[in-house]
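Dear colleague,

I am handing over the structure we spoke about, with the sequence alongside it. Please look through it first; my notes on what was found follow below.

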Amino acid sequence: MALTERQPLTEKKAPRARPMSGKVVVALCATSFLVGLLLSGRTTLLTPPSSAASGHGARVDLFAEDCDQMPKLGGGKKPNDIMKEVSRTHQAIQSLDKSVSSLEMELAVERAKRNGGLGLAAPAKGLLPKAFVVIGINTAFSSKRRRDSLRDTWVPRGEKLRRLEKEKGVVVRFVIGHSATPGGALDRAIDVEAAATADFLRLDHVEGYHELSAKTRTYFATAVATWDAEFYVKVDDDVHVNLGMLMNRLAKYRSRPRVYVGCMKSGPVLSQKGVKYHEPEYWKFGDEGNKYFRHATGQIYAVSRDLASYISINQPILHRFANEDVSLGAWLLGLEVEHVDDRSLCCATPPDCEWKKQAGNVCAASFDWSCSGICKSVDRMRAIHSACGEGDGAVWSAAAIWI
């Protein structure tokens, strides 16, 4: 009862300040308004308009002045000009992205060298001869007639080969390793041929059909260590190539980083033993009947400099599947790579490539899918070159795309 009967304590309130008079408030408002006008440089607004309009009309004129001073969309440029600026900006961003990618790869190379290196230690970039594209033609000891059929058609000989490198930045080489018995008859035959033609790139690799994945890996590593090129191409020695068209196709992608160009496919994983293209590690691709991931068909494909450098640096730990084109696709699958499906690289032989040539769409490469190359290429290469070739002067009249 004593608690309930206790009276609440009275709170002490702070004394209120005296309210300002109306005159003081008006004076402060007017002062603030004048100071704001002076700071914004709009003192001209105080002068009455010269026209007879007043009141609402005068206010409209004041706001119209502000609207006239606002920049118009596009700066008064035509839509076509705006689109050109957007396109140039996009190209600049792509070029910057490629430069960053190249710097990252160079940093990785230097880091690999400092740590002992995983793959081949490439020489300093400035010490290597520059090129636009290095074209490695995969060949074998028994394929001399195939090589001669290419030299008689689309592969330049002697001084023309040197001139192609100097003026167009296009390096063409037949790629081959050594036999299981180095210095034997097979190797000596290649030595004699190489001395006469000077168009070979020799690899530290033991030749064998089931070693194509290892050979491809070694080819890219060796090419990167020999030339500083923008692109590296691998092509089989039973494929017809138009060098000028190939240059033009690759030039479209030169501003993009990490580019993988070819005719992309996804064939079945063959688990049955004894069949061609049998995949011993078929179980890694899921259940029986599954297909491979998308990858470029093995007859011809190209990779940009940074991807070739990646293969060179990491070659000892890159897994090799039974099929060389699958192996390359697997090496690049987990990277930030642009897969370019360029169907100009996989035209069929005449009449297909001949019709396309007549329509103005010259093919970059032609072969027969049924033979994984040109069927009976030694006998047919000259006729295919006559029907589908771009002309002997096309590669020399191509735009000067190499700097």
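Buried residues make up 41% of the 403 residues in the chain, and the model, please keep in mind, is a predicted one. Its secondary structure comes to 13 helices and 9 strands. Among the contacts in the chain with a separation of 6 or more, 76% are between residues 24 or more positions apart.

Open pockets

The largest pocket has a volume of about 1100 Å³, and 41 residues line this pocket, with Tyr209, Leu212, Lys276, Tyr277 and Asn323 lying nearest its centre. At least two residues of that lining come from each of H7, strand S4 (228-236), strand S7 (295-304) and helix H10 (324-333), and S7 gives the most, with 4 residues. By residue class, the lining of the largest pocket divides into 14 nonpolar, 13 polar and 14 charged residues.

The second largest pocket holds about 330 Å³ of space. Its lining consists of 17 residues, and the closest to its centre are Thr153, Trp154, Val155, Pro156 and Asp392. Here the lining divides into 7 nonpolar, 4 polar and 6 charged residues.

Enclosed cavities

There are also 3 cavities of 30 Å³ or more in the structure, and the largest cavity has a volume of about 50 Å³. The residues that line the largest cavity are Gly136, Ile137, Asn138, Val175, Leu212, Lys215, Thr216, Tyr219 and Lys234. Strand S1 (130-138) and helix H7 (212-226) are the elements that give two or more residues to this lining, and H7 gives the most, with 4 residues. In terms of class, the lining of the largest cavity comprises 4 nonpolar, 3 polar and 2 charged residues. You may wish to display Leu212 with both features in view, since Leu212 is among the residues lining the largest cavity and is also one of those nearest the centre of the largest pocket.

Helix H12

Which residues of H12 are buried? They are Ser377, Met381, Ile384, His385, Ala387 and Cys388. Seen down the axis of H12, these buried residues fall within an arc of 160°, so they line one face of the helix. The buried residues of H12 pack against helix H4 (144-151), strand S5 (240-241) and helix H11 (352-358), whereas the face turned away from the buried side carries the exposed residues Asp379, Arg382, Ala383 and Ser386. As for the geometry of the helix, H12 spans residues 377-388 and has 12 residues, yet its end C-alpha atoms are only 14 Å apart, which falls short of the 16 Å that a straight helix would reach at 1.5 Å a residue.

Arg163

The last item concerns a single residue, Arg163, which has its place in helix H5 (residues 158-168). Is Arg163 buried, exposed or partly exposed? Its relative accessible area is 36%, and because that value lies between the 20% under which a residue counts as buried and the 50% over which a residue counts as exposed, Arg163 is partly exposed. When residues up to four places away in sequence are not counted, Arg163 touches Lys168 and Trp396. Arg163 and Trp396 are 233 residues apart in sequence, while their C-alpha atoms are 9.7 Å apart in space.

With kind regards

Terms used. Residues are numbered from 1 along each chain as its sequence is written. This is a predicted model: local features need pLDDT of at least 70, side-chain atom pairs count only at pLDDT 80 or more; totals for chains, interfaces and linings use all residues. Side-chain values use heavy atoms; hydrogens and water are left out. On a 1 Å grid over the protein atoms alone, a cavity is a set of points where a 1.4 Å probe fits but cannot get out, and a pocket is an open set with protein on both sides within 12 Å along at least five of seven lines; lining residues have an atom within 4 Å of a point. Grid points are joined across faces, edges and corners, and a volume is the space filled by probe spheres set on the points. Ala, Val, Leu, Ile, Met, Phe, Trp, Tyr, Cys and Pro count as nonpolar, Asp, Glu, Lys and Arg as charged, and the others, Gly among them, as polar. The expected span of a helix is 1.5 Å times one less than its number of residues. Buried means under 20% relative accessible area, exposed over 50%, partly exposed in between (1.4 Å probe, protein chains only). The arc is that of the directions from the helix axis to the C-beta atoms. Contact means heavy atoms within 4.5 Å.
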